[in-house]
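Dear colleague,

Please find the structure below, handed over for your own inspection. My notes on it follow directly after.

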Amino acid sequence: MSDRRYYVLLNEKSGTAHALGVTREALSDLFSSNGIHATIDADCSRSMNARVADALASDAHAIVAAGGDGTVTALAGALVGGDKDLAILPLGTFNAVAKDLHLPLDLPAAVAALAHGNRQLIDVAEVNGRIFMQKVVIGLIPGLAAGRELIRGQESLAAKLAFVRHIFRRLARARRMAVILDSGEGARRIERVQSLAVACDSYDEGLGKFFSRQDLNQGTLTLYLLHHFTAGDFFRLLIGMLMGRWRDDEALSMQSVREVTIDVKKRAINVMIDGEVEMFETPLNFRILPQALSVLVPARESEELEVTKAPA
């Protein structure tokens, strides 16, 4: 039995959890079979804030986000600067953070990996006091992402075609927006963009690397400015990302900063923060928080061998 204690926040409504029918009882059995002591909270009728507060007040060494990227981000915001570790059971649709951390995506393997997980400090970022782990996007992309509601919970071909039509209607009507950027490194400047993303660290370029990050300790924010985004740009960038050649695309420019303020001529705008669309008041104030979050990652093979060979 591992000495480390875990408190699990299960989101049974997340993509994979819902599809697999993951329950509190099934998850409890998985932890027990791996000799791991865990308290499991599967009460989705309570607010996430109340559930997180109970987790923080517990004697657990690590709090486990058993859900998608939204659950992971919400929990990370509460753990930054604290004395508890974040652990992840990837039960969402995309599981971007879990993939960046090279966590097993199979649930039994992910639980088993917790038994000998190592602590690792990683960067997170902040916008207007809110923690995020991946990226914040403004402009056209949040509008496209909102169209996911058209097919949420639907798997039919008709629903997927409706989503595709939504995308191309938005592309056809899209207009550039003026954004004011101030990174504290010189004069403020105005850029006209279709969309703008602020990423925690930067995304890798390479074959098969689709919005993935190998290094989560770069200590920087990366601005991605999409200056125009026609249907042609959409397909060219998509192919470029799949082929691993997208950074030099004519529609895109990049800049690394440690902090930046972004303003627009609106009091509030829709942003996509780690995949979820929300309304934020402007201006948007960003900063990087280097190595501010402790996460549990699988032990390397050499370390696993040392554990196996250690005397009883």
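The notes below go from the chain as a whole to two helices, the salt bridges, one strand residue and a surface patch.

Please bear in mind throughout that this is a predicted model.

**The chain as a whole**

The chain has 312 residues, and 46% of them count as buried. Its secondary structure comprises ten helices and 16 strands. Among the contacts with a separation of 6 or more, 70% are between residues 24 or more positions apart. The exposed area of the chain is about 15,800 Å², of which carbon and sulfur atoms supply 53%.

**Helices α2 and α3**

Helix α2 spans residues 24–33, and its buried residues are Leu-27, Leu-30 and Phe-31. These residues lie on the same side of α2, because the arc they cover around the axis is only 95 degrees. In general, an α-helix has 3.6 residues a turn, so residues three or four places apart point the same way. On the face of α2 turned away from the buried side are the exposed residues Asp-29, Ser-32 and Ser-33. The packing partners of the buried residues of α2 are the strands β1 (5–10), β2 (37–41), β3 (62–67) and β4 (85–90), together with helix α6 (107–114). Just after α2 comes Gly-35, which takes a positive phi of about 70 degrees.

Helix α3 covers residues 48–57, with Arg-51, Val-52 and Ala-55 buried. The buried residues of α3 fall within an arc of 100 degrees when seen down the axis, so they line one face of the helix. Asn-49 and Ala-57 are exposed on the face of α3 turned away from that buried side. The buried residues of α3 pack against β1, β2 and β3, and also against α4 (69–79).

**Salt bridges**

The count of salt bridges comes to twelve. Three pairs are described here, followed by a network.

Glu-126 and Arg-287 form a salt bridge in which the closest N and O atoms are 2.7 Å apart. This pair links distant parts of the chain: Glu-126 belongs to strand β5 (residues 118–127) and Arg-287 to strand β16 (residues 284–297), 161 residues apart. Glu-126 is buried, as its relative accessible area is 15%, whereas Arg-287 is partly exposed at 39%.

A further salt bridge joins Glu-278 to Arg-130, with 3.0 Å between the closest N and O atoms. Because Glu-278 lies in strand β15 (residues 276–281) and Arg-130 in strand β6 (residues 130–132), the pair ties together parts that are 148 residues apart in sequence. Both partners are partly exposed: Glu-278 has a relative accessible area of 28%, and Arg-130 has a relative accessibility of 34%.

Asp-249 and Arg-236 also meet through their side chains in a salt bridge, at 2.8 Å from N to O. Asp-249 lies in the loop between α9 (231–243) and β12 (252–257), and Arg-236 in helix α9, so this pair ties together parts that are 13 residues apart in sequence. Asp-249 counts as buried at 12% relative accessibility, while Arg-236 is partly exposed at 32%.

Asp-41, Arg-46, Arg-51 and Asp-54 are joined into one network by salt bridges that share partners. Arg-51 in this network is one of the buried residues of helix α3.

**Leu-289 in strand β16**

Which residues does Leu-289 touch, not counting those up to four places away in sequence? They are Ile-122, Asp-123, Val-124, Ala-125, Glu-126 and Ile-131. Leu-289 is found in strand β16 and counts as buried at 13% relative accessibility. Although Leu-289 and Glu-126 are 163 residues apart along the chain, their C-alpha atoms are separated by 7.3 Å.

**A nonpolar surface patch**

A nonpolar patch on the surface is formed by Leu-207, Phe-210, Phe-211, Phe-235, Leu-238, Ile-239, Leu-242 and Met-243. Together these residues have about 780 Å² of accessible area. One of them, Phe-210, is found in the loop between β10 (195–200) and β11 (221–226). Phe-210 is partly exposed, with 41% relative accessible area.

With kind regards

Note on methods. Residues are numbered from 1 along each chain as its sequence is written. This is a predicted model: local features need pLDDT of at least 70, side-chain atom pairs count only at pLDDT 80 or more; totals for chains, interfaces and linings use all residues. Side-chain values use heavy atoms; hydrogens and water are left out. Buried means under 20% relative accessible area, exposed over 50%, partly exposed in between (1.4 Å probe, protein chains only). Helices (H or I, at least four residues) and strands (E, at least two) are DSSP runs, numbered from the N terminus. The arc is that of the directions from the helix axis to the C-beta atoms. Contact means heavy atoms within 4.5 Å. Patches are made of residues with over 30% relative accessible area and no salt bridge: like charges are joined within 9 Å, nonpolar side chains (Val, Leu, Ile, Met, Phe, Trp, Tyr) within 5 Å. Accessible areas come from the Shrake-Rupley method with a 1.4 Å probe; for residues, only the protein chains shown count as cover. A salt bridge is a side-chain nitrogen of Lys or Arg within 4 Å of a carboxyl oxygen of Asp or Glu.
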